[in-house]
Amino acid sequence: MLLMLYLIAITAEAMTGALSAGRRGMDWFGVVLIACVTALGGGSVRDVLLGHYPLTWVKHPEYLVLTSVAALVTIFIAPLMRRLRSLFLALDALGLVAFTLIGCMTALEMGHGMLVASVSGVITGVFGGILRDIFCNDIPLIFRRELYASVSFLAAWFYMLCLYLELPSEQSILLTLFSGFLLRLLAIRFHWEMPKFVYNDDVH
C-alpha cells in the first residue's frame, strides 16, 4: 500500500515540479530535471545524510523513468491543470505523509533513534519542494504558505507514538496517513500558518 502511495506521490510531485519549471519558461530538459528533483530530491537528500546507499532512484531507476514521463505528459496537458488543482492538492497532502512515513521507516531500519527518524521523515517529505523552489529562484513555499513542514513533523511523531504504543505496523501507517492527510487538508481549507517573523531594518 505504501509503495502504491509512493508511486502516486512522486508522479504528482513531478507534475507540480514541471509546472513550476513551465512558469519559468524552461526548456524540456529543464522541465524534466526540475520534475525529478521535486519528486526524488527529498529521498536523495535523506539517503546522503544518513549514508543510505544506493540512493532510491539508483536502486530503482524505474522511478526516474516514471517522473520523467510524468513531466513530459504535463507539458502537453498543462492547460487542463487548473481544473485539477484540488486533486493535486489532495495528492500532494497524501504524498507528504507517505514520504514522511518512508523517511521515518528508513532511519529506523538503519537503527537510528526516534529524533533522527522524525527529522529523516521531514527531510523526505519537504526537501524536494525546497530544491524545486531554489532551482526556480523562488522563496520555498513551505516557508510562507499553510502548514506543511509542520504537518510532516507532527505526522512523524504521531507515527513514533503509534510505535511506542506497540500498535500493529499497518494500523500505525493507516492512522498516520489519515491524521496527517486530514491535518494538511484542514490547514489548506482554513489557511492555518505558522507565526511569521517580520524584521524591518529601516531606522526612521
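Which residues does tyrosine 148 touch, not counting residues up to four places away in sequence? Let's begin there and then work through the rest of this predicted model.

**Exercise 1. Place tyrosine 148 and list its contacts.**

Solution. Step one is to find the residue: tyrosine 148 sits in the loop between helix H6 (114-135) and H7. Step two is to list its partners. With residues up to four places away in sequence left out, tyrosine 148 touches Glu13, Asp92, Leu96, Gly125, Val126, Ile142 and Arg184. Step three is burial. The relative accessible area of tyrosine 148 is 12%, and buried means under 20%, so this loop residue counts as buried. As a last check, take alanine 12, which is 136 residues away from tyrosine 148 along the chain: the two C-alpha atoms are separated by 16 Å.

**Exercise 2. Describe the fold of the protein chain as a whole.**

Solution. Start with the secondary structure: there are eight helices and zero strands. Along the sequence this reads as α-α-α-α-α-α-α-α. Next, consider overall size. The radius of gyration is 17 Å, close to the 17 Å that the globule rule gives for 204 residues, so the protein chain is as compact as a globular protein of that length. Its C-alpha atoms fill a box of roughly 55 × 50 × 35 Å along the principal axes. Then turn to the interior: buried residues make up 45% of the 204 residues. Finally, look at the contacts with a separation of 6 or more; residues 24 or more positions apart account for 73% of them.

**Exercise 3. Work out how helix H8 sits among its neighbours.**

Solution. First, its length. H8 has 22 residues, and its first and last C-alpha atoms are 32 Å apart, close to the 32 Å expected at 1.5 Å a residue. Second, its buried residues: these are Ser172, Ile173, Thr176, Leu177, Gly180, Arg184, Ala187 and Ile188. They cover an arc of only 130° around the axis, so they lie on the same side of H8. Third, the packing partners. The buried residues of H8 pack against helix H1 (2-23), helix H5 (85-109) and helix H7 (149-164). Fourth, turn to the face away from the buried side, where you will find the exposed residues Glu170, Phe178 and Arg189. For H1, one of the packing partners, the same length check can be made: H1 has 22 residues and reaches 31 Å from its first C-alpha to its last, close to the 32 Å expected.

**Exercise 4. Characterise the aromatic pair that phenylalanine 190 forms.**

Solution. A pair of aromatic rings is described by the distance of the centres and the angle of the planes. Begin with the setting: phenylalanine 190 lies in helix H8 (residues 169-190). A search of the whole structure finds six aromatic pairs. Phenylalanine 190 and tryptophan 192 form an aromatic pair with 5.9 Å centre to centre and 20° between the planes. Planes under 30 degrees apart count as stacked, so this pair is stacked. Now add accessibility. Phenylalanine 190 counts as partly exposed because its relative accessibility is 47%, and tryptophan 192, at 37%, also counts as partly exposed. One more neighbour completes the picture: arginine 189 lies over the face of phenylalanine 190, at 5.2 Å from the ring centre. Elsewhere, Tyr6, Tyr63 and Phe99 form one aromatic cluster.

**Exercise 5. Examine the backbone at residues 54, 166 and 191.**

Solution. Keep the background in mind: most residues other than glycine have a negative phi, and most peptide bonds are trans. Step one concerns a cis peptide bond, which joins tyrosine 53 and proline 54 with omega at about -5°. Proline 54 lies in the loop between helix H2 (28-50) and helix H3 (56-59). Step two is glutamate 166, whose phi is positive, near 60°. Glutamate 166 lies in the loop between H7 and H8 and, at 70% relative accessibility, counts as exposed. Step three is histidine 191, in the segment after H8. Its phi is also positive, near 55°, and histidine 191 counts as exposed because its relative accessibility is 54%. For a glycine example, glycine 25, just after H1, takes a positive phi of about 70°.

Definitions and conventions: Residues numbered from 1 in each chain as written. Predicted model: local features only at pLDDT ≥ 70, side-chain atom pairs only at ≥ 80, totals over all residues. Heavy atoms only, no water. Helix = DSSP H or I, 4+ residues; strand = E, 2+ residues; numbered from the N terminus. Buried < 20%, exposed > 50% of the residue type's maximum accessible area, 1.4 Å probe, protein only. Phe/Tyr/Trp six-rings, centres within 6.5 Å; stacked < 30°, edge-to-face > 60°. Lys NZ or Arg CZ within 6 Å of the ring centre and 35° of its normal. Expected span 1.5 Å × (residues − 1). Arc of directions from axis to C-beta. Contact = heavy atoms within 4.5 Å. Rg over C-alpha atoms; globule rule 2.2 N^0.38 Å.
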